[in-house]
Amino acid sequence: QVQLVESGGGLVQAGGSLRLSCTASGSIFSIMGWYRQAPGEQRELVALITARGGTSYANSVKGRFTISRDNAKNTVYLQMNSLKPDDTAVYYCNVQVPGMTYWGKGTLVTVSA
């Protein structure tokens, strides 16, 4: 059973920074990433990173967010800078191996104007 432990959410003022972490139990995952869901909106991809370090970002966060991973710790990070009120959402960790996808419970990020 894969378990994902997320941390790092909270309340921050616009322009501030937060760092999210997600540690996964089990094997090394081919893809690790973050999604978010704002109230009344669909869940959307924020960023993902492959085991070899390839990254992909949503256009709305490019230049502000940085995803990284530590394979030795089976942990993925999301450094979020220059946060905006529109970034307010529940952020979900996502890890994948071929044929399987796992989700964390989510961590709330609130950005005040």
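Begin by selecting strand E1, residues 4-7, together with strand E3, residues 18-24: these two strands pair in the antiparallel sense, and four bridges join them. What you have on screen is a predicted model, so please read each stop on this tour as a description of that prediction.

To see one of these bridges for yourself, pick Glu6 and then look across to E3, where its bridge partner is Cys22. In general, the strands of a sheet pair through backbone hydrogen bonds, and they may do so in a parallel or an antiparallel way.

Next, keep E3 selected and add strand E8, residues 75-80, which runs antiparallel to E3 and is joined to it by six bridges. A good place to look is Leu18, whose bridge partner in E8 is Met80.

Now widen the selection to the whole sheet, which is an open one made of four strands in the order E1-E3-E8-E7, with antiparallel pairing. Strand E7, residues 65-70, and strand E1 stand at the edges, and because each has a single partner strand, one side of each is left without a neighbour in the sheet. If you turn the view to compare the directions of neighbouring strands in this sheet, you will be looking at an angle that is 15° on average, when direction is ignored.

Return to E3 and show its surface: this strand is mostly covered, since five of its seven residues are buried. Within E3, select Ser21, and ask whether this residue is buried or exposed. Ser21 has a relative accessibility of 16%, and because buried means under 20%, Ser21 counts as buried. Which residues does Ser21 touch, if those up to four places away in sequence are not counted? They are Val5, Glu6, Ser7, Trp34, Val76 and Tyr77, and among them you will recognise Glu6, the residue whose bridge partner in E3 is Cys22.

Finally, clear the selection and look at the whole protein, which has 11 strands and zero helices. Its C-alpha atoms fill a box of roughly 40 × 25 × 20 Å along the principal axes. For 113 residues, a compact globule would have a radius of gyration near 13 Å, and the protein, with 13 Å, agrees with this. Buried residues make up 39% of the 113 residues, while the accessible surface comes to about 6100 Å², of which 49% belongs to carbon and sulfur atoms. Of the contacts with a separation of 6 or more, 54% are between residues 24 or more positions apart.

Technical notes:
Residues numbered from 1 in each chain as written. Predicted model: local features only at pLDDT ≥ 70, side-chain atom pairs only at ≥ 80, totals over all residues. Heavy atoms only, no water. Buried < 20%, exposed > 50% of the residue type's maximum accessible area, 1.4 Å probe, protein only. Pairing = 2+ DSSP bridges. Axes fitted to C-alpha atoms, helices over the stretch in contact; angles between N-to-C directions. Contact = heavy atoms within 4.5 Å. Rg over C-alpha atoms; globule rule 2.2 N^0.38 Å. Areas by Shrake-Rupley, 256 points an atom, 1.4 Å probe, with all protein chains shown as cover.
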